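Let's take a walk through this one together, from the overall layout down to single side chains. Have the viewer open and follow along.

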Amino acid sequence: MRTLTLLAILLASLLAFTVFAQPVVPAVPFHDNLRGTTPIDEEAKPPLIAPTENKDVIRGLNYAQQPPTIPHKIDNYQLDRNANKCLACHARSRAEESGAVPVAVSHYIDRAGEVSGHLSPRRYFCTQCHVPQADAKPLVGNTFQSVEDIRPLSSPTQPKSR
Ligand code: HEC
Ligand code: HEC
């Protein structure tokens, strides 16, 4: 008799557990920074493509070794196996004439660490690392702080990385 009662209690508690284990549907309406309130099974209306920032003002770097962002438009600049429009202005030999910042010396160092007289093949496709910026409101918040902002550099004469 006692075993039966125990079994009944056990069953009852198991049942109660399964009832409570049902997934709880949040009361708040669905909201996502990228999709807005568009439900998951519907397609959100894409925002208009923001214009490329074209102010020709060099932006600061957010961290050491950051590839600087491109402060001008690069629409229709050919950059493929046959031609590299970027180098027409940015090659060290062209910089004086074009007024562009010459590519950094690091771009002439190959993967073996050898400095050569020509651009290293691994730096040929500039937009692998350098990107223009859109004049758009950020979709998600960002609290990134560079390490220099958090912990001031101890030595005032940091070697320039470029
Ligand atoms: C017609 C010449 C010209 C061409 C072509 C050109 N640039 Fe520039 N670039 C400039 C000039 C001039 C600046 C200096 C800032 C300004 O006036 O926009 C600059 C600035 C930059 C900077 C900022 C450098 C820094 O120190 O912050 C980057 C990065 C850059 N360009 C990358 C590119 C890439 C990648 C391409 C090819 C997709 C390209 N540029 C094509 C002229 C050019
Ligand atoms: C693999 C990534 C990568 C590629 C590809 C690359 N760069 Fe860079 N670039 C960097 C980084 C990182 C820096 C900053 C640190 C440094 O100087 O190396 C930089 C710096 C620069 C600068 C600033 C130089 C200065 O003295 O302020 C210019 C201009 C530039 N790159 C242009 C170009 C152009 C033009 C190309 C294509 C021919 C190119 N880069 C390809 C990573 C890259």
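Val140 is a handy place to start. This is a predicted model, and in it Val140 sits in the loop between α3 (95-98) and α4 (147-150). With 47% relative accessibility, Val140 counts as partly exposed, because the partly exposed class runs between the 20% limit for buried and the 50% limit for exposed. Val140 also has company: together with Leu34 and Leu139 it makes up a nonpolar patch on the surface, and the three share about 310 Å² of accessible area. If you want a through-space link from here, pick Asp32: its C-alpha atom is 9.7 Å from that of Val140, although the two positions lie 108 residues apart along the chain.

Now zoom out. What kinds of secondary structure elements does the protein have? There are four helices and zero strands, so the order from the N terminus is simply α-α-α-α. Of the 162 residues in the protein, buried ones make up 12%. The accessible surface of the protein adds up to about 14100 Å², and carbon and sulfur atoms own 60% of that. As for how the chain meets itself, take the contacts between residues at least 6 apart in sequence: 43% of these join residues at least 24 apart.

Next, the metals. Which residues give the protein donors to the iron atom of ligand 1? They are His72 and His90, each through NE2, at 1.9 to 2.0 Å from the iron. His72 belongs to the loop between α1 (2-20) and α2 (85-90), while His90 is in helix α2, so this pair ties together parts that are 18 residues apart in sequence. Why call the site octahedral? Six donor atoms surround the iron atom of ligand 1, and the angles they subtend run from 87 to 178°, which makes the arrangement octahedral. For reference, the ideal angles for six octahedral donors are 90 or 180 degrees. On the accessibility side, His72 is partly exposed at 22%, and His90 is also partly exposed, with a relative accessible area of 22%.

The iron atom of ligand 2 has its own pair of histidines. Here His107 and His130 coordinate through NE2, at 2.0 Å. Both His107 and His130 lie in the loop between α3 and α4, so the pair ties together parts that are 23 residues apart in sequence. The geometry is octahedral here too, with angles of 87 to 178° among the six donor atoms. Are these two histidines, His107 and His130, buried or exposed? Both are buried.

On to the charged side chains. Side chains of opposite charge can pair when their charged atoms come close. The structure holds two salt bridges, and Glu53 takes part in each of them. In one, Glu53 meets Lys55 at 4.0 Å, N to O; in the other, Glu53 meets Arg59 at 3.3 Å, N to O. Put together, Glu53, Lys55 and Arg59 are linked in a network of salt bridges. The surroundings of the three vary. Glu53 is buried, since its relative accessible area is 18%. Arg59 is partly exposed at 22%, and Lys55 counts as exposed because its relative accessibility is 56%.

Right beside Glu53 in the numbering you'll find Thr52, our last stop. Thr52 is in the loop between α1 and α2, and its 27% relative accessibility makes it partly exposed. What does Thr52 touch, leaving out residues up to four places away in sequence? The list is Lys73, Pro132, Gln133 and Ala134. Pro132 is worth picking out of that list: Thr52 and Pro132 are 80 residues apart in sequence, yet their C-alpha atoms are 6.8 Å apart in space.

Definitions and conventions
Residues numbered from 1 in each chain as written. Chains lettered and ligands numbered in written order. Predicted model: local features only at pLDDT ≥ 70, side-chain atom pairs only at ≥ 80, totals over all residues. Heavy atoms only, no water. Patch = residues over 30% accessible without salt bridge, like charges linked within 9 Å, V, L, I, M, F, W, Y side chains within 5 Å. Areas by Shrake-Rupley, 256 points an atom, 1.4 Å probe, with all protein chains shown as cover. Salt bridge = Lys/Arg side-chain N within 4 Å of Asp/Glu carboxyl O. Helix = DSSP H or I, 4+ residues; strand = E, 2+ residues; numbered from the N terminus. Buried < 20%, exposed > 50% of the residue type's maximum accessible area, 1.4 Å probe, protein only. Donors = N, O, S within 2.8 Å, 3.2 Å for Na, K, Ca; no water. Tetrahedral: all angles 85-135°; square planar, octahedral: opposite > 155°, others 65-115°. Contact = heavy atoms within 4.5 Å.
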